[in-house]
Amino acid sequence: MTTARFEAVLARLYVDDALRRRFLADPVGEAARAGLDPGEARALAAVDAVDLEMAARSFAHKRARAPRRLGWLAGLLGR
């Protein structure tokens, strides 16, 4: 059942606070608005809200601690 779109929506839920708030207020509706089919929307709506918030906080913490990547241009310039 897992599709690339499903995984992309789930990934966005981890990093987008506003989307996550909308999703938690209306899980099936927000999943459908993200383009998931009804089965995928129901599956995503079944995600535990506490686990979702915990994962989002964990990922945010990891992103905050990760060194900033300067990008390919900085690599070419030797920075």
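**Figure 1. The aromatic pair.** Search this whole predicted structure for aromatic pairs and you come back with one. The partners are Y14 and F59, whose ring centres sit 4.9 Å apart with their planes at 70 degrees, so we call the pair edge-to-face. The angle settles that name because planes over 60 degrees apart count as edge-to-face. Which helices do the two rings come from? Y14 belongs to helix α1 and F59 to helix α5 (residues 49-65), so the pair ties together parts that are 45 residues apart in sequence. Are these two residues buried, exposed or something in between? Y14 counts as partly exposed, at 23% relative accessibility, and F59 is partly exposed too, with a relative accessible area of 32%.

**Figure 2. R20 and its surroundings.** Here we look at R20, a residue of helix α2. Is R20 buried or exposed? R20 is buried, because its relative accessible area is 7% and the cut-off for buried is under 20%. The R20 side chain reaches the backbone oxygen of Y14 at 3.4 Å, and this is the Y14 whose ring pairs with F59. Skip the residues up to four places away in sequence, and R20 still touches L13, Y14, V15, L52, E53 and A56.

**Figure 3. The largest nonpolar core.** Ten residues make up this core: F6, V9, L13, L19, F23, A31, L36, A41, L44 and L52. Helices α1 (4-15), α2 (17-25) and α4 (38-45) each chip in at least two of them. Which helix gives the most? That is α1, with three residues. To see one core member up close, pick V9: leaving aside neighbours within four places in sequence, V9 is in contact with A34, L36 and L44. Both L36 and L44 are on the core list as well.

**Figure 4. Helix α4, from its cap to its buried side.** At the N-terminal end of α4, D37 acts as a cap: one of its side-chain oxygens lies 3.0 Å from the backbone nitrogen of G39. Which residues of α4 are buried? They are G39, E40, A41 and L44, and A41 and L44 also appear in the largest nonpolar core. What do the buried residues of α4 pack against? Their partners are α1, α2 and α3 (27-33).

**Figure 5. D26 in its loop.** D26 sits in the loop between α2 and α3. With a relative accessible area of 33%, D26 is partly exposed. How far is the C-alpha atom of D26 from that of A45? The two are separated by 8.5 Å, although D26 and A45 are 19 residues apart along the chain.

**Figure 6. Stepping back to the whole chain.** The protein chain has six helices and zero strands, so to read it along the sequence is to go α-α-α-α-α-α. Of its 79 residues, 23% are buried. The accessible surface comes to about 5,800 Å², and carbon and sulfur atoms account for 58% of that. Take the contacts between residues at least 6 apart in sequence: 60% of them join residues at least 24 apart. How sure is the predictor? The mean pLDDT is 87, and 82% of the residues reach 70 or more. Where is confidence lowest, and where is it highest? It is lowest in helix α6 (residues 71-76), at a mean of 66, and highest in α2, at 96.

Key. Residues are numbered from 1 along each chain as its sequence is written. This is a predicted model: local features need pLDDT of at least 70, side-chain atom pairs count only at pLDDT 80 or more; totals for chains, interfaces and linings use all residues. Side-chain values use heavy atoms; hydrogens and water are left out. Helices (H or I, at least four residues) and strands (E, at least two) are DSSP runs, numbered from the N terminus. Buried means under 20% relative accessible area, exposed over 50%, partly exposed in between (1.4 Å probe, protein chains only). Contact means heavy atoms within 4.5 Å. Accessible areas come from the Shrake-Rupley method with a 1.4 Å probe; for residues, only the protein chains shown count as cover. A nonpolar core is a set of buried Ala, Val, Leu, Ile, Met, Phe, Trp, Tyr and Cys residues joined through side-chain atoms within 4.5 Å. A polar contact is a pair of N or O atoms within 3.5 Å; within protein, one must be able to donate a hydrogen and the other to accept it, and residues adjacent in sequence count only if both atoms are side-chain atoms. Rings of Phe, Tyr and Trp (its six-membered ring) pair if their centres lie within 6.5 Å; planes under 30 degrees apart count as stacked, over 60 as edge-to-face and the rest as tilted. pLDDT is the predictor's confidence in each residue, from 0 to 100.
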